Amino acid sequence: MKILGRMQVYLFFVSVLMAFGLFACGGDQQNPAAATTAVQAAATSLAAPSATQSSSQIPDQSPIMLPPMGWASWNAYGCNIDESLVKTAADTMSDGLKRDGPLMKAGYSYINVDDCWFAPTRDPQGNLVADPTRFPSGMKALGDYIHARGLKFGIYEVPAAETCAQRNNLYTGHTVPMGSLGHEAQDAKTFVAWGVDYVKYDWCTPDGTLEDQEAGFQKMRDALDNAAASVNRRIVYSINPNSFHADKTGRSYDWGQIADMWRTTEDITYATGVPGKQSTPDFSRIVNQNFYGNLFPEAQHTGVYNDPDMMLAGFGMSSDQDQTHMSLWAIAGAPLILGVDFTMPISPATMATLTNPEVLAVDQDGRGLEAIRAAEPKNGLGVWAKLLSGNGRRAVVLLNTTGSAASITVNWKDLGLDPVALANVRDVWAHSDLGSYASGYTAPDVPAGGSVMLTITGADDASKIHRATPGTKADGVARYTLNATTGGYIDIAYRNDGTSALKVPLILNEAVLTTVVLPVTAKHGQGKVTLFMPFKPGSNGLTFVLPNGAGNGTAIGDVTLIAGPQPALPPVAYEAENPANILQDAAIQACAICSGHAKVGNFVNSDSSLEFSGIVAAADGTYTVPVVYISADDGTGAPRAMNVSINNGPPVPVQFPGEGTWDFPILSSVQVTVPLKAGVANTIKFSMVPGNYGPDVDGLGQPLKQ
């Protein structure tokens with residue numbers, strides 16, 4: 001299981017548990033004879049609804065903040081931004097004061113001014129000031145202009161001394177450091193006074209540890225919360241912990257406990273600094289870096305979102321590529337922040353792509369979840385699936401990153417749907433019902449480098465649904481145990497009678513996993529939220545830690561494993577980094593996305609090898625063994641390869657196709673067919689194929705007899 005929080009965060013929550021006298025081996029209370037607490041009583045009332053409050057009254061999903069939709073200035077204009085361009089964007093999006101523009105009607109609502117908006121220096125009181133040449137009316141007036149059109153106003157700053165444009169010498173004549181470092185509270189008050197609704201806060205420095213980033217981002221979060229609360233407003237907080245930072249921390253920490261959305265990858269495009277050619281889209285980069293690199297499903301839920309960056313739809317790619325770009329962001333439940341140049345006419349085809357209501361509905365689904373890869377039919381073909389609100393509803397993208405058109409099949413069993421029951425299939429781009437099918441559906445002609453996007457409505461597989469077993473409960477802590485296969489979705493019933501949403505740390509198998517946001521419920525009412533969990537096969541322990549002072553009106557009730565898409569990757573049964581394995585000219589390396597948080601890599605010379613020992617087989621015979629690996633060569637060039645030999649037998653070459661990038665990798669798997677002997681003494685050795693590099697190996701799955 002991947003630990004998303006830092007060790008000191010875990011120790012903090014351990015101290016919370018100890019303060020309650022509840023941290024003991026086996027999940028038992030230290031004082032099992034203690035009286036029933038208010039939390040226990042509230043949880044009991046949740047688990048057994050009264051006659052006047054039946055389970056059918058629990059909402060399908062509590063209301064959460066949905067992924068923001070809007071526009072930002074950087075991808076189109078970079079540092080060449082001014083008041084006129086921003087007003088043009090607002091007028092185009094809203095159709096001016098008529099507030100009837102197609103983009104605004106589709107749900108796009110934010111106008112975000114990126115870097116290069118500020119004056120060369122702060123004013124004598126140290127306040128931020130708009131550049132008097134570029135923004136002569138000032139930022140308050142610009143915000144008023146945007147608000148008058150029914151839109152919301154966003155702005156850019158950094159927790160460093162210099163902004164990104166200053167660091168890159170893109171903002172001529174603006175050399176005085178203008179970041180918010182040391183001015184957090186002051187700048188937050190300025191933003192509120194200007195009517196800012198959205199702040200993008202960009203690390204943009206190689207300096208600082210992850211702990212420094214946490215502290216810096218939290219400082220502005222607190223400042224914005226305090227300043228906005230004084231006028232009864234809320235500001236969306238978007239952060240980027242990756243810019244210029246050697247450690248790409250976007251997928252290594254659960255930023256949802258600090259921000260509403262966080263960049264998981266590097267920029268989707270690099271600025272050229274040339275007007276009219278500010279951004280050049282690279283479709284391979286969009287898929288391999290920003291989509292694959294955005295995969296972090298256990299952190300996205302209850303109104304906090306992974307952010308794969310501002311979009312490049314409408315920047316000159318083919319219509320199929322634009323549609324795939326939109327499909328991938330929608331299936332990911334990502335913020336949809338456009339970057340189009342509003343000084344140029346938007347073609348009808350591009351407008352139709354950006355405003356397709358069925359695609360946007362997938363992105364804006366009320367559960368707020370990210371898709372997972374549910375199947376890998378073959379190299380370069382993938383089935384990406386998202387659990388939607390309601391019963392038996394899924395969204396699916398069939399992605400083809402090869403150079404040839406291909407058929408791709410989605411099977412109901414991979415989606416958590418009853419494989420026998422009929423399911424209705426709809427093509428969301430064509431707005432066309434494709435019929436009802438049992439077992440699965442095959443798209444016959446997914447274009448090369450393209451995709452097909454479907455919604456599927458069937459019957460949830462009842463065999464996949466069961467409640468977790470409640471454990472001991474006491475003030476502030478609720479424990480559950482749950483049997484699972486690997487990965488899975490849970491519904492959490494809860495009650496929050498407070499006046500604001502509550503953040504509740506969730507510990508999975510004794511490691512801090514994530515922070516769950518529980519919206520306010522009606523007095524004595526019940527809410528429900530959904531999470532994806534990286535369960536291990538077998539028994540899993542869940543511990544919810546309610547913050548001190550949450551009150552008697554807050555409780556966790558039933559926790560239910562529900563039917564949903566299952567991860568395509570098999571669980572790792574044999575870790576590559578196991579000390580019992582034999583490594584030669586290879587290295588154990590940290591890996592945030594890997595099982596056990598480590599991998600074995602550096603297979604770069606002819607002597608490099610990794611030998612797994614102690615592979616178990618029940619009987620002599622032929623077995624298939626999954627190999628989970630990273631080969632992040634952007635899907636280009638020849639696949640990496642290694643020789644595989646069993647029990648010192650002859651080597652057989654195996655190919656490992658590439659996906660993702662090395663900075664933002666994706667785990668993949670291949671099946672190798674091998675002869676094993678009964679017992680526990682089997683060895684599987686990976687060694688070099690001459691002229692090839694090897695992939696990084698996470699581990700082996702459980703061998704299956706053929």
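Let me start with Asp254, which is buried, with a relative accessible area of 1%, and I should say at once that what we are looking at is a predicted model. Asp254 sits in the loop that connects β5, residues 236–240, with β6, residues 261–263. If you follow the chain, Thr515 comes 261 residues apart from Asp254, and yet the C-alpha atoms of these two residues are separated by 7.7 Å.

A second loop residue can be described in a similar way, and that is Ser73, which lies between β1, residues 69–72, and α3, residues 74–77. Is Ser73 buried or exposed? Its relative accessibility is 0%, and because buried means under 20%, Ser73 counts as buried. Once we set aside the neighbours within four places in sequence, the residues in contact with Ser73 are Gly78, Ile81, Asn112, Val113 and Asp114.

Let me turn to the helices, beginning with α6, which covers residues 139–148 and in which Met139, Leu142, Gly143, Tyr145 and Ile146 are buried. When you look down the axis of α6, these buried residues fall within an arc of 155 degrees, so they line one face of the helix. What do the buried residues of α6 pack against? Their partners are two helices, α4 (83–94) and α8 (184–194), together with two strands, β2 (110–113) and β3 (152–157). Just after α6 comes Gly150, which takes a positive phi of about 80 degrees.

The other helix I would like to show is α11, residues 319–331, and here we can do a small check on its length. With 13 residues, and at 1.5 Å a residue, α11 should span 18 Å, and its end C-alpha atoms are indeed 18 Å apart, which agrees. The buried residues in α11 are Asp322, Thr324, His325, Met326, Ser327, Leu328, Trp329, Ala330 and Ile331. Just after α11, Gly333 takes a positive phi, in this case of about 60 degrees.

Now for the strands, where it helps to recall that strands of a sheet pair through backbone hydrogen bonds, either parallel or antiparallel. In this model, 5 strands form an open sheet with antiparallel pairing, and their order is β18-β19-β24-β21-β22. Which strands stand at the edges? They are β18 (469–474) and β22 (511–518), and each has a single partner strand, so one side of each is left without a neighbour in the sheet. From one strand to the next, the twist averages 25 degrees.

Within that sheet, let us follow β19, residues 477–484, which is joined to β24, residues 538–545, by 8 bridges, the two strands running antiparallel. Along this pair, Ala478 stands opposite Phe544, and Tyr480 stands opposite Leu542. On the other pairing, 4 bridges join β19 to β18, again antiparallel, and there Thr481 is the bridge partner of Thr469. The hairpin of β18 and β19 has 2 residues between the strands, and in this hairpin Gly476 takes a positive phi near 85 degrees. Of the 8 residues of β19, 6 are buried, so this strand is largely enclosed by the rest of the structure.

I will finish with another hairpin, made by β32, residues 640–646, and β33, residues 652–656, which run antiparallel and are joined by 5 bridges. In this pair, Met642 stands opposite Val654. The hairpin has 5 residues between its strands, and Asn647 takes a positive phi near 50 degrees.

Technical notes:
Residues are numbered from 1 along each chain as its sequence is written. This is a predicted model: local features need pLDDT of at least 70, side-chain atom pairs count only at pLDDT 80 or more; totals for chains, interfaces and linings use all residues. Side-chain values use heavy atoms; hydrogens and water are left out. Buried means under 20% relative accessible area, exposed over 50%, partly exposed in between (1.4 Å probe, protein chains only). Contact means heavy atoms within 4.5 Å. The expected span of a helix is 1.5 Å times one less than its number of residues. Two strands pair if DSSP finds at least two bridges between them. Axes are lines fitted to C-alpha atoms, for helices over the stretch in contact, and angles run from 0 to 180 degrees between N-to-C directions. The arc is that of the directions from the helix axis to the C-beta atoms.
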